[in-house]
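Biologist: Got a minute to go through the charged side chains with me? Let me pull the model up first.

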Amino acid sequence: MLQSLRERLVRIFETKPEAPIAPGLYHALREADGALARFHLRVERDGSGLLIANAAATAQLTASGALIAKGLLEGKPEAEILAQLAAHFRGAPEEVMRADIDTVKALIAQLAAPGDTYPVFNLEDAALSPFSAELIAPLQAAIPLAPPAALLPILDRLWEIGIPHVKFHVPQGFASADLVRAVERAEDLGMIAGVRGRASDLAREGLLGDLTVAGVDHVTFLYASNQPEIHDALCGAGDHRAATQLLAWLEENEICAVAEIPLVQSTLLTLNETVQALIEAGADNLSCVAYATSDEALAASGDGALLGGGLPQVATIVEEAANEMQARFIWEPPVQRLPDMTLAEQVQQGPRCSADVAVRVEPDGSVIPPRGPYRSAGNLLADPWQTIWNDEAFRVYRERVESPTRCGDCPGLTICAADCPRNPAGWAQPA
């Protein structure tokens, strides 16, 4: 992910009480290297922003950075932007404001040609919680694939709310045409569009090519281990071979690949080798999800689930491996092990959604927070968004995320930023 401007553009100036820009989603087209680059700027209630280029690359902006970006994308003269900055950020030296304008100009140019950066929205610190910036909405929605009649109204509503990123969770036996149509609609709206599933299911003849034409931005696929027998035991016979071929195809066709690594007892045995194999194959975007239990008997039974009390130690291994090999990684909220299905079934079903700035939206419109009990906060198609966003389900979630969770045992772990991984109350609990 491109470096955040949260520190680079923060200035200690006296500001007016109102945000410089009204909250909402703003659109712009800009020429870059002879082609049109499409930008979307989402402004939050506190004036901070998220700048999205070509539905693929993102950067966070402070209130001053968002004001500058909006002015530049609208083609305003630098003198006018300087006047706006001076009006809203009293005491700012002109040389500092000019330097910030140059910084945002360079950022816009960089975003227009982002390479293979995956738009990972990760919590690096508790201070960057989903509500610390007064977000008007989450940054991503995970949606189980459904027929267009159910899915398209949900996509339209997500875009109207200002959610710029959607990931379609693909079950076995899905209709290829439904997935292609969903990606097409998301692309038409200007959203970042990704798909998530087993490589065996995504590698149908012609599907990847159709998704590329439709505008898919990234493909997330299960990759449990570099050892085929460990991987296939969790993901299905022959899926390791399919995953290897899928990754090669994505690299050849310059589609961003994201490897979802399920963390269970068997996959920890080969974790370093797995990460190394992925890096060598070109997949340096990793999504890690732990399947956890508080039942010591279940953990000791050979089921494969990880005991919750040991998750910080597991996270240390994961983060050290990713950092050593310079892989980008994101933590999904731990998933509570569900004993009435096999571990393989639960791994293939996958996490509820991605990270702590995301939500789950079911095909009927139900909106589910990323952590805690599987409880609907309302219906996206029937209820006002502010009613959903302020529902009790999100209030409880918000209180957990915003509470200090770091301790002396593991002060530097990214997984601890939103919630203590030992505590089952912060896991994604089953429906």
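Biologist: Which backbone oxygen does the side chain of Arg-157 reach?
Modeller: The one of Leu-380, at 3.3 Å. Keep in mind that this is a predicted model.

Biologist: Okay. What else does Arg-157 touch, leaving out residues up to four places away in sequence?
Modeller: Besides Leu-380, Arg-157 touches Leu-381, Asp-383, Pro-384 and Trp-385.

Biologist: And where does Arg-157 lie?
Modeller: In helix H4, which covers residues 148–161.

Biologist: Is Arg-157 buried or exposed?
Modeller: Buried, since its relative accessibility is 18% and the cut-off for buried is under 20%.

Biologist: Switching to salt bridges. How many are there?
Modeller: The count comes to 14.

Biologist: Which residue does Glu-44 form a salt bridge with?
Modeller: Arg-42, and the closest N and O atoms are 2.9 Å apart.

Biologist: Are those two buried or exposed?
Modeller: Both ends are buried: Glu-44 has a relative accessible area of 2%, and Arg-42 comes out at 0%.

Biologist: Now Glu-78. What's its salt-bridge partner?
Modeller: Arg-98, with 2.8 Å between the closest N and O atoms. Glu-78 lies in helix H2 (residues 78–88) and Arg-98 in helix H3 (residues 94–111), so this pair ties together parts that are 20 residues apart in sequence.

Biologist: How accessible are Glu-78 and Arg-98?
Modeller: Glu-78 is partly exposed, with a relative accessible area of 26%. Arg-98 is partly exposed too, at 35%.

Biologist: What about Glu-94, which side chain does it meet in a salt bridge?
Modeller: Arg-98 again, at 2.8 Å from N to O.

Biologist: Where do Glu-94 and Arg-98 lie?
Modeller: Both are in helix H3, and they sit 4 residues apart, about one turn of the helix.

Biologist: And how accessible is Glu-94?
Modeller: Glu-94 counts as partly exposed, with 42% relative accessibility.

Biologist: So Arg-98 pairs with Glu-78 and with Glu-94. Which residues are linked in that network of salt bridges?
Modeller: Four residues are named: Glu-78, Glu-94, Arg-98 and Lys-105.

Biologist: Remind me, why do side chains like these pair at all?
Modeller: Opposite charges can pair when the charged atoms come close.

Biologist: Good. Then I'll look at Glu-44 and Arg-42 as the buried pair, and at Glu-78 with Arg-98 as the link from helix H2 to helix H3.
Modeller: Sounds fine. For Arg-157, look at the backbone oxygen of Leu-380.

Key
Residues numbered from 1 in each chain as written. Predicted model: local features only at pLDDT ≥ 70, side-chain atom pairs only at ≥ 80, totals over all residues. Heavy atoms only, no water. Buried < 20%, exposed > 50% of the residue type's maximum accessible area, 1.4 Å probe, protein only. Helix = DSSP H or I, 4+ residues; strand = E, 2+ residues; numbered from the N terminus. Polar contact = N/O pair within 3.5 Å; in protein donor to acceptor, adjacent residues only side chain to side chain. Contact = heavy atoms within 4.5 Å.
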